[in-house]
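Please open the model in your viewer and keep the sequence panel beside it, since each stop on this tour begins with a selection to make.

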Amino acid sequence: AAGSGATPVTVRIDNLDLEITVPTGTTLLDAAIEADTDINWYCGGLCSCGSCRLEIVAGGVSPIEDMEESTLDLVGAGPADRLACQTRALGNVVVRVLVD
């Protein structure tokens with residue numbers, strides 16, 4: 001998570017009807033874990049497995065980087081999909097998580 005002085009933002013997990021307030025810059029994985037979701041993250045947040053894939057519905061998130069894009073390509077992700085371990089909330093965000 002970002003430093004304690006960061007502006008708070010809201011991450012809403014639409015399909016689980018959960019909402020959590022976190023500091024700006026927090027990864028969506030950290031937000032989902034803090035919200036006590038069943039999100040998968042088999043590789044420990046190292047951007048290598050794609051198990052923490054989620055759909056960005058709306059809001060401001062960090063730009064995608066090459067490693068994340070490669071992993072998303074490997075797992076056949078959709079155009080709005082991102083990896084929660086790599087994506088940071090830069091504003092209020094609405095997401096849908098994939099749960100087993």
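Bear in mind throughout that this is a predicted model. Begin in the interior by selecting the largest nonpolar core, which has 23 residues and in which Val 11, Leu 28, Ile 39, Cys 52, Leu 54, Ala 84 and Val 95 are those with the most contacts inside it. If you colour by element, you will find that two or more residues of this core come from each of strand 1 (8-13), strand 2 (18-23), helix 1 (28-34), strand 3 (53-61) and strand 5 (89-97). As a general matter, nonpolar side chains in soluble globular proteins tend to be buried together.

Stay with Val 11 and display its surroundings, leaving out residues up to four places away in sequence: Val 11 then touches Leu 18, Glu 19, Ile 20, Val 22, Leu 28, Ala 31, Ala 89 and Val 93.

From that set, select Ala 89, which is found in strand 5. Is Ala 89 buried or exposed? Its relative accessible area is 0%, so Ala 89 is buried. Beyond the residues up to four places away in sequence, Ala 89 touches Val 9, Val 11, Thr 24, Gly 25, Thr 26, Leu 28 and Gly 60. To get a sense of scale, draw a C-alpha to C-alpha distance from Ala 89 to Ser 70, and you will see that these residues are 21 Å apart in space while being 19 residues apart in sequence.

Next, move to the loop between helix 1 and strand 3, where Thr 37 lies. Thr 37 counts as buried because its relative accessibility is 12%, and the cut-off for that class is under 20%. Show the polar atoms of the Thr 37 side chain, and look for two backbone partners: the oxygen of Ala 32 at 3.1 Å, and the nitrogen of Ile 39 at 3.4 Å. With neighbours within four places in sequence set aside, Thr 37 is in contact with Ile 13, Leu 16, Leu 18 and Ala 32.

Two further residues of this loop deserve a look at their backbone angles. Most residues other than glycine have a negative phi. Asp 36, which is found in the loop between helix 1 and strand 3, has a positive phi of about 65° although it is not a glycine. Cys 47 has its place in the loop between helix 1 and strand 3, and phi of Cys 47 is likewise positive, near 65°. How much of each is accessible? Asp 36 is exposed, with a relative accessible area of 67%, whereas Cys 47 is buried, with a relative accessible area of 4%.

Keep Cys 47 selected, since it is one of the residues lining the largest cavity, and add the rest of that lining: Leu 29, Trp 41, Cys 43, Gly 45, Cys 49, Gly 50, Ser 51, Cys 52, Leu 83 and Cys 85. Which classes of residue make up the lining? It has 8 nonpolar, 3 polar and no charged residues. About 40 Å³ of space lies in this cavity, and the count of cavities of 30 Å³ or more comes to 1.

Two lining residues, Cys 49 and Gly 50, lead to the next stop, because Val 75, leaving aside its neighbours within four places in sequence, is in contact with Cys 49, Gly 50 and Arg 53. Val 75 lies in the loop between helix 2 (66-74) and strand 4 (81-83), and at 30% relative accessibility it counts as partly exposed. A C-alpha to C-alpha line from Val 75 to Asn 15 spans 21 Å, and these residues are 60 residues apart in sequence.

For the last stop, select Arg 82, which is found in strand 4. Is Arg 82 buried or exposed? With a relative accessible area of 8%, Arg 82 is buried. The side chain of Arg 82 makes a polar contact with the side chain of Glu 68 at 2.8 Å, and a polar atom of the Arg 82 side chain lies 3.5 Å from the backbone oxygen of Pro 63. Not counting residues up to four places away in sequence, Arg 82 touches a list of residues that includes Cys 52, Leu 54, Pro 63, Glu 68 and Leu 72.

Finish by following that contact to Pro 63, in the loop between strand 3 and helix 2. Pro 63 counts as exposed, at 66% relative accessibility. Measured off against Pro 8 in sequence, Pro 63 is 55 residues apart, and the two are 19 Å apart in space, C-alpha to C-alpha.

Key:
Residues are numbered from 1 along each chain as its sequence is written. This is a predicted model: local features need pLDDT of at least 70, side-chain atom pairs count only at pLDDT 80 or more; totals for chains, interfaces and linings use all residues. Side-chain values use heavy atoms; hydrogens and water are left out. On a 1 Å grid over the protein atoms alone, a cavity is a set of points where a 1.4 Å probe fits but cannot get out, and a pocket is an open set with protein on both sides within 12 Å along at least five of seven lines; lining residues have an atom within 4 Å of a point. Grid points are joined across faces, edges and corners, and a volume is the space filled by probe spheres set on the points. Ala, Val, Leu, Ile, Met, Phe, Trp, Tyr, Cys and Pro count as nonpolar, Asp, Glu, Lys and Arg as charged, and the others, Gly among them, as polar. A nonpolar core is a set of buried Ala, Val, Leu, Ile, Met, Phe, Trp, Tyr and Cys residues joined through side-chain atoms within 4.5 Å. Buried means under 20% relative accessible area, exposed over 50%, partly exposed in between (1.4 Å probe, protein chains only). Helices (H or I, at least four residues) and strands (E, at least two) are DSSP runs, numbered from the N terminus. Contact means heavy atoms within 4.5 Å. A polar contact is a pair of N or O atoms within 3.5 Å; within protein, one must be able to donate a hydrogen and the other to accept it, and residues adjacent in sequence count only if both atoms are side-chain atoms.
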